[in-house]
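Student: I would like a close look at a single part of this protein. Please take one strand and work outward from there.

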Amino acid sequence: MSRTDFIKSLGAGCKNWAWSWSFIDEVNKKIIFGAWEDLKSVDEKKVLILSDDWNENENGSSKLGYIQAREHLNKVMLEGYQLYTFSQKRRKGVDEAKAAKIESFIPTIELKYLVREGNGWYATEQEQYSYTPEILEEYYEGDKKEKWSTYYERNPKARKECLEYHGYSCKVCDFNFEKTYGILGKDYIHVHHINPIATIKKRYKINPKDELVPVCANCHAMIHIGTKTLSISELKNIIQKNKV
Ligand SMILES: [Zn+2]
Ligand SMILES: [Zn+2]
């Protein structure tokens, strides 16, 4: 089976089968990369999926693959997509600094987590949620704040820590999905990221206890509906004012 047939059989696609290095399944929110089994990190625990060195190329073709790959990685970091990899081996005798060429691959994918180290992007078994703001910034100049918030709000590990601390009732209106909907609403609540971007910029990590708050779906929509993101207390005041 060719790599293209394998990717197609997974229901995933890309912009162009000739130059793509990474693939997307928009229905199941999966990003699929080949992991170069012989290109591991120093501690051998992470497998390389992309290198910044592969950005430049004489004929420009692999550059397109690089740009698409970075778009795909941003979906993993910011839009709740999950990273999957399949193992592949490099063709020998290709310049180390240049983009690796595929020799063979194993047609199964596994769930992995994305890690940045040096100028490489690696897949690892260990879940993380601390990408540097600089990395996130590169591709989202326009609306940084929203994208960063989205990233933290959708990160499962940050979400878990927030909910363990704050519980499952809305911080604005106190709505609790389980109380109203029973078992159906158990574990359902949105998580909102409250910190302004200026303060995150200086740090790598957020504190899920202080910076994430549980909010119900209605309150969360209202927080984000205007041109300015509302604070919890601003929205509480609005609700108060509209009570008769
Ligand atoms: Zn609410
Ligand atoms: Zn929010």
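The answer below begins with one strand and follows its surroundings outward.

Tutor: The model is predicted, and the part chosen here is strand β3, residues 47–51. For orientation, the chain has 10 helices and nine strands. Of its 244 residues, 29% count as buried. Against that background, five of the five residues of β3 are buried, so β3 is largely enclosed by the rest of the structure.

The strand pairing comes next. β3 pairs with β2 in the antiparallel sense over two bridges, and in that pairing V47 of β3 is the bridge partner of K40. β3 also pairs with β7, again in the antiparallel sense, over four bridges. There V47 has A123 of β7 as its bridge partner. V47 therefore has a bridge partner in β7, A123, as well as K40, by the pairings of β3 with β2 and β7.

Within β3, I49 deserves a separate look. Leaving out residues up to four places away in sequence, I49 touches F33, A35, T85, W121, Y122 and A123. I49 is also one of the residues that touch the most other members of the largest nonpolar core, the others being I31, I32, L114 and A123. That core has 31 residues. Two or more of its residues come from each of β1 (22–25), β2 (30–40), β3 (47–51), α2 (61–78), β4 (82–90), β6 (110–117) and β7 (120–124). The largest share, six residues, is supplied by helix α2. In soluble globular proteins, nonpolar side chains tend to be buried together.

One loop at the start of β2 can be added to this picture. K29 lies in the loop between β1 and β2. K29 has 13 C-beta neighbours inside 10 Å, which is why K29 counts as partly exposed. Apart from neighbours within four places in sequence, the contacts of K29 are G80, Y81 and Q82. The C-alpha atoms of K29 and V76 are separated by 8.9 Å, although the two residues are 47 apart along the chain. For the chain in general, 61% of the contacts between residues at least 6 apart in sequence join residues at least 24 apart.

The core that includes residues of β3 is the largest nonpolar core, and apart from it lies another core, of 14 residues, with C162, C170, V191 and I223 among them. I223 leads to helix α9 (residues 217–225), where the buried residues are C219, H220 and I223. These three cover an arc of only 100° around the axis, which puts them on the same side of α9. The face turned away from that buried side carries the exposed residues A221 and I225. The buried residues of α9 pack against β8 (190–193), β9 (212–215) and α10 (232–241).

Strands β8 and β9 pair in the antiparallel sense over four bridges, and H190 stands opposite V215 in β9. L212 and P214 point one way from β9, whereas V213 and V215 point the other way, and all are buried. In a regular strand the side chains alternate between the two faces of the sheet.

To return to the starting point, β3 has five of five residues buried, with β2 and β7 as antiparallel partners.

Methods:
Residues are numbered from 1 along each chain as its sequence is written. Chains are lettered from A and ligands numbered from 1 in the order in which they are written. This is a predicted model: local features need pLDDT of at least 70, side-chain atom pairs count only at pLDDT 80 or more; totals for chains, interfaces and linings use all residues. A residue is buried if 20 or more other C-beta atoms lie within 10 Å of its own, exposed if 12 or fewer, and partly exposed in between; C-beta atoms are placed from the backbone. Two residues are in contact if their C-beta atoms, placed from the backbone, lie within 7 Å. A nonpolar core is a set of buried Ala, Val, Leu, Ile, Met, Phe, Trp, Tyr and Cys residues joined through C-beta atoms within 7 Å. The arc is that of the directions from the helix axis to the C-beta atoms. Two strands pair if DSSP finds at least two bridges between them.
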